[in-house]
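I set out to look up three things here: ring pairs, enclosed space and one helix packing. The entries follow in the order I made them.

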Amino acid sequence: MEDRPAPAYIAHMKTISLRTGDSVPALGQGTWRMGEDRRKHSQEVAALQLGLDLGMTLIDTAEMYGDGGAEQVVADAIRGRRDEVFLVSKVLPENASRDGTVAACERSLKRLATDRIDLYLLHWPGSHPLAETLQGFQALAQQGKIRHWGVSNFGVDDMEELTRLPGGDAVVTNQVLYNLTRRGIEWDLLPWCRRNNTSIMAYSPIEQGRLLSHDRLDGVAKRHGATRAQTALAWVLNSGTIAIPRARTEAHVRENRAALDIRLTAQDLSDLDRSFPPPRRKEPLGVL
Ligand SMILES: NC(=O)c1ccc[n+]([C@@H]2O[C@H](COP(=O)([O-])OP(=O)(O)OC[C@H]3O[C@@H](n4cnc5c(N)ncnc54)[C@H](OP(=O)(O)O)[C@@H]3O)[C@@H](O)[C@H]2O)c1
């Protein structure tokens with residue numbers, strides 16, 4: 001792997017430190033629904049490349065997205081610049097036996113045209129025993145095919161079950177639904193993850209675009225000369241989680257990158273709490 005100094009634009013990127021010591025951008029890029037339509041391929045590749053140029057070098061994908069098609073889009077986006085990227089992919093629960101996890105990862109590596117995934121996640125809890133999935137992750141890590149592993153859509157009970165297993169406390173990330181309209185994790189999961197040094201990766205940070213119809217964002221947005229999408233993203237970024245919005249147009253990519261420069265004030269945060277209240281009791285984990 002090349003060892004070169006971070007480019008200047010990365011220096012301006014807010015980063016989050018993982019328990020592994022890796023520093024990753026707080027704002028990454030999602031890829032769900034990419035790779036489904038060949039006619040959109042070059043636009044999707046260009047959007048991801050622009051995001052990389054702007055410092056959003058964490059890319060989240062999964063074997064599930066576009067039945068492997070999203071990983072192929074990512075392969076084209078990162079070709080020739082693999083070392084700049086922190087690559088996240090996911091194994092489907094139905095594949096997550098010990099050997100199935102290894103085989104799924106090898107298929108992903110082939111589609112991604114790389115020799116390693118930086119962070120490999122179990123997409124959601126399934127029927128294969130977690131201990132087996134963990135053995136698969138450990139075998140892959142030993143072979144250098146993945147650098148780290150984590151989970152997605154795990155509630156507190158799932159995290160406790162996982163971390164009771166030998167080696168389970170090495171879990172780096174739990175990727176979960178988190179945005180202004182989905183604040184349930186603040187009750188229990190977010191504090192649990194903070195206590196246990198597990199980073200939260202917030203998926204669907206603008207609620208798949210549905211937050212754009214909320215005029216309750218406008219007061220805060222206006223104060224910052226920002227759009228609703230930027231305000232929603234700025235709020236997620238303020239929470240110390242890693243946000244991975246998906247954007248397929250140049251305008252959306254640029255707009256999202258600019259959300260990093262918004263500093264929400266205490267007044268902004270309390271206005272947003274009034275409009276999008278935090279949980280008052282334990283809620284089931286939200287999923288999409
Ligand atoms: N682990 C899991 O189970 C799970 C589940 C869901 C998602 N994810 C991951 O999280 C990523 C993000 O979540 P998501 O894709 O569900 O939803 P999202 O990022 O909240 O929203 C994506 C939608 O918002 C639009 N958008 C993006 N930036 C915008 C902007 N600045 N202004 C207006 N519209 C904007 C996008 O349009 P365009 O694309 O047309 O630009 C797209 O329609 C996924 O892509 C995936 O990588 C993981």
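Aromatic pairs. I searched the whole structure, which is a predicted model, and the search gave four aromatic pairs. I took down one of them, Tyr120 with Phe137, where the ring centres are 5.8 Å apart and the planes make 75°. I logged the pair as edge-to-face, because planes over 60 degrees apart count as such. Tyr120 belongs to strand β5 (residues 117-122) and Phe137 to helix α5, so the pair ties together parts that are 17 residues apart in sequence.

Cavities. How many cavities of 30 Å³ or more does the whole structure hold? I found two.

I began with the second largest, since Phe137 turns up again in its lining. I noted a volume of about 30 Å³ for this cavity. Besides Phe137, its lining has Leu122, Leu130, Thr133, Leu134, Trp149, Val151 and Leu162. By class I entered seven nonpolar residues, one polar and no charged. Which elements each supply at least two residues of this lining? They are α5 (130-142) and β6 (146-152). I marked α5 as giving the most, with four residues.

I then turned to the largest cavity, for which I have a volume of about 50 Å³. I listed Gly28, Gln29 and Met56 in its lining, together with Pro245, Arg246, Ala247, Val253 and Asn256. I sorted this lining into four nonpolar, three polar and one charged residues. The charged one is Arg246, because Arg is in the charged class.

Helix packing. I looked up helix α3 (residues 69-78) against helix α4 (residues 98-112). I have an angle of about 45° between them and axes 7 Å apart. That angle makes α3 oblique to α4. Which residues make the contact? From α3 I wrote down Glu71, Gln72, Val74, Ala75 and Ile78. From α4 I wrote down Ser108, Arg111 and Leu112. I classed the residues of this contact as four nonpolar, two polar and two charged. The charged two are Glu71 and Arg111, because Glu and Arg are both in the charged class.

Key. Residues are numbered from 1 along each chain as its sequence is written. This is a predicted model: local features need pLDDT of at least 70, side-chain atom pairs count only at pLDDT 80 or more; totals for chains, interfaces and linings use all residues. Side-chain values use heavy atoms; hydrogens and water are left out. On a 1 Å grid over the protein atoms alone, a cavity is a set of points where a 1.4 Å probe fits but cannot get out, and a pocket is an open set with protein on both sides within 12 Å along at least five of seven lines; lining residues have an atom within 4 Å of a point. Grid points are joined across faces, edges and corners, and a volume is the space filled by probe spheres set on the points. Axes are lines fitted to C-alpha atoms, for helices over the stretch in contact, and angles run from 0 to 180 degrees between N-to-C directions. Angles under 35 degrees count as roughly parallel, over 145 as roughly antiparallel, 65 to 115 as roughly perpendicular and the rest as oblique. Contact means heavy atoms within 4.5 Å. Rings of Phe, Tyr and Trp (its six-membered ring) pair if their centres lie within 6.5 Å; planes under 30 degrees apart count as stacked, over 60 as edge-to-face and the rest as tilted.
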